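Open your viewer and bring up the cartoon view. We will walk through the model stop by stop, selecting as we go.

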Amino acid sequence: MQLLTSSGLLSTKTPDIDYNKVVNPITDGMDPDMTIHLSSDKEEATFDPLRLYNLPKSKNRMNVALYPTKDQIPDVNSPQVKAWVDQIDWSKVPNIPVAPGTPEVKHFPKCPPDSEVDPASCWWSCSGCVAPEDVVTCPDRDTWGLTYDDGPSPATMDMIKHLETLKLTATFFIVGSRVLEYPEILKEHIARGHHIAMHTWSHSGLTTLTNHQIVAEIRWTEKIIRDVTGLTMKYVRPPYGDTDNRVREIFRQMGYTTVIWTKGWDTNDWRMLQKQVQEHEIIQSFQSALTNRINITSAQGLPAGPITLEHDLTEATISLSKRLIPMAMGNGLKPMNIATCLNDQTPYQRGSKLGPNGATEKINDGEGKGHYRGMPGMEEQDFSSDVANKDTTREQSSARSLTMPNGILQSVAMMMAACVVTGLTGIVLLTPL
Ligand SMILES: [Zn+2]
């Protein structure tokens, strides 16, 4: 049986760290409600990323009553979710059983013995199976798919600012429910040319969820990000890389391409937060990966460039990332967001819009002309004719979602009143990242 980490398979290409001797937080009883403090409580209470980075407050603050609870699996019995479920052709979704979670973490998949894993399920997180359509590498050997997961968080702007000084852009895999607190940061991603993609609503292992829960996770995340930015995402990274052919087919019908990461290129920055490895060990391991990067091959066996896994959830992981970037660049790798590394000219789905009230407003250049801030070429895109998305039900679903009465979400609003929104006082990690 493969050992499972939060991020997928334990790397066997990191000779400098014997992860088999490292405590596995999943099997060794990590506290699932562990809170990681950003700094001192006093500092947290006064930390305001918007003020620090001089970001404007949203003209329209997020109305939390209109969305499910932060970091919780959305209710599947709401009329909204039922309408979304009805749009899926379930006859095409493989009948793969919902995976059990671990005793410690309910929605982190528990891998069965190898002999009991059905090869037809192509369960990446338990067998390492990569489906032909999965993106796990960049096609050019010298390009590096730079990705950050689990934000937006108070630490995200630090990474954005740093990348700007380097004139680099990355893909940020967004946890939908965390947009409730930081919609302005999400807009900054777009305005500064970064690429955003889906990382679900509650950050649960998707193979542990029912079909309807998966739909709810995706559609609510899609909705909040579209409400804030005008964009409908096209790429998704399942939390922990936990996907199988059931999850893939649901994603496919919603127009999403799955992105995981290159085997051996999980930086394991999340382990640092749990004090299982130290920063210098990660750097040593990353250097080894760089030295051996000539061996990276795509799913089709062609020479390829790496896609890494990092997190913009804390200052510690961002500080680490600031050290890894020059190492990789010094080794000849060119960091870039996933859409650019794939040479994808349409990084968002049909139905996306830039403005007004879209991803970013037009900037007047002082000569009577204007341009959009954002990914190069976005302003030339005709999002209404994105051939990558053939799901003709999408626009119907969008219209339907906008006309659903808000009153149906009263129960959600009541839940919100009792919800512990960690906000600036700390970040709850249900599992490793
Ligand atoms: Zn994650």
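Which residue just after α7 takes a positive phi? Select G230: its phi is about 85 degrees. We will come back to the helix before it shortly.

**Stop 1: the whole chain**

First, a word on what you are looking at: this is a predicted model. Zoom out to see the protein, whose secondary structure comes to 14 helices and 14 strands. Of its 433 residues, 46% are buried. Now think about contacts between residues at least 6 apart in sequence: 80% of these join residues at least 24 apart.

**Stop 2: colour by confidence**

Colour by pLDDT next. The mean for the protein is 76, and 67% of its residues reach 70 or more. Select residues 1–50, where the pLDDT is below 50; beyond near neighbours in sequence, this stretch has 102 contacts in the model. Then select residues 385–433, where the pLDDT is also below 50, and where the model shows 87 contacts beyond near neighbours in sequence.

**Stop 3: the largest nonpolar core**

In soluble globular proteins, nonpolar side chains tend to be buried together. Here the largest nonpolar core has 82 residues. To find your way into this core, show I174, A197, M198 and I225 as sticks: these have the most contacts inside it. The element that gives the most to the core is helix α7 (residues 211–229), with eight residues.

Now centre on I174. Leaving aside neighbours within four places in sequence, I174 is in contact with G151, P152, V179, L186, I196, A197, M198, H199 and I225.

**Stop 4: helix α7**

Select α7 itself. Because 16 of its 19 residues are buried, α7 is largely enclosed by the rest of the structure. Try a distance between its end C-alpha atoms: they are 27 Å apart, which agrees with the 27 Å that 19 residues should span at 1.5 Å a residue.

**Stop 5: helix α10**

Finish at residues 279–291, which form α10. This helix has 13 residues and reaches 18 Å from its first C-alpha to its last, close to the 18 Å expected. Is its buried side spread around the axis or kept to one side? Show the buried residues I282, S285, F286 and A289. They cover an arc of only 100 degrees around the axis, so they sit on the same side of α10.

Add α9 (269–273) and α11 (315–330) to the view, since both are included in what covers those buried residues. Then rotate to the face turned away from the buried side, where you will find the exposed residues H280 and T291.

Key:
Residues are numbered from 1 along each chain as its sequence is written. A nonpolar core is a set of buried Ala, Val, Leu, Ile, Met, Phe, Trp, Tyr and Cys residues joined through C-beta atoms within 7 Å. A residue is buried if 20 or more other C-beta atoms lie within 10 Å of its own, exposed if 12 or fewer, and partly exposed in between; C-beta atoms are placed from the backbone. Helices (H or I, at least four residues) and strands (E, at least two) are DSSP runs, numbered from the N terminus. Two residues are in contact if their C-beta atoms, placed from the backbone, lie within 7 Å. The expected span of a helix is 1.5 Å times one less than its number of residues. pLDDT is the predictor's confidence in each residue, from 0 to 100. The arc is that of the directions from the helix axis to the C-beta atoms.
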